[in-house]
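Hi,

Here is the structure I promised to pass on. Have a look at it first, and then read my notes underneath.

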Amino acid sequence: MKKYILILGFMFSIASFSQNITSKNENASAAQYDLLKKVNEYYPDISLSDKVVNFYVGDKIIDTKQEFAIKNTEFTSYELSISPDNKRVVFNFVSEKSGKIYGAVVLVKGSYVRTTFNENLGLVDVMVNGKSACIQNIK
């Protein structure tokens, strides 16, 4: 009997925690676009686009991605994500020329701080408002 009660309790607890995630192709909100515009101003290798895919649980945005047509570009992969609080852009680029480059741009006290990891060269680069603050070789 205890087994059945535990199994039923487990099943109901899983059902109550499951969430329905939906995605919508949309124009970026004003806050999302403002973040992307400022990031692109300091870091032009991060593309500026007003088209996003927002992921929702109910009416709340939990993640935002941008998709790019990479045909006829140097990239084999180009991914961009915006945090729900519109204070962070996470990126991941892959090309045959540069290898894998990934990192984030974070809005900190009015400054746009970028941390970039270049796997091909073994470098970590920290930039503040478009100016390099620290480059470290990690090989």
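Below is what turned up, going from the overall fold to the core.

This is a predicted model, so to speak: local features need pLDDT of at least 70, side-chain atom pairs count only at pLDDT 80 or more, and totals for chains, interfaces and linings use all residues. Residues are numbered from 1 along each chain as its sequence is written, and side-chain values use heavy atoms, with hydrogens and water left out.

The chain has two helices and nine strands (DSSP runs numbered from the N terminus: H or I of at least four residues for helices, E of at least two for strands). From the N terminus, the order is α-β-α-β-β-β-β-β-β-β-β.

The nine strands make an open antiparallel sheet, ordered 1-2-3-4-5-6-7-8-9; two strands count as paired if DSSP finds at least two bridges between them. Strand 1 (21-27) and strand 9 (131-137) are at the edges with a single partner strand each, so one side of each has no neighbour in the sheet. Strand 2 (residues 51-57) pairs with strand 3 (residues 60-66) over five bridges, and Val-53 sits opposite Lys-65 in strand 3.

Buried residues (under 20% relative accessible area, 1.4 Å probe, protein chains only) are 29% of the 139 in the chain.

Val-105 is worth finding on screen. Leaving aside neighbours within four places in sequence, Val-105 has contacts (heavy atoms within 4.5 Å) that include Val-39, Tyr-43, Ile-46, Phe-91 and Tyr-112.

Cheers

Methods: Buried < 20%, exposed > 50% of the residue type's maximum accessible area, 1.4 Å probe, protein only.
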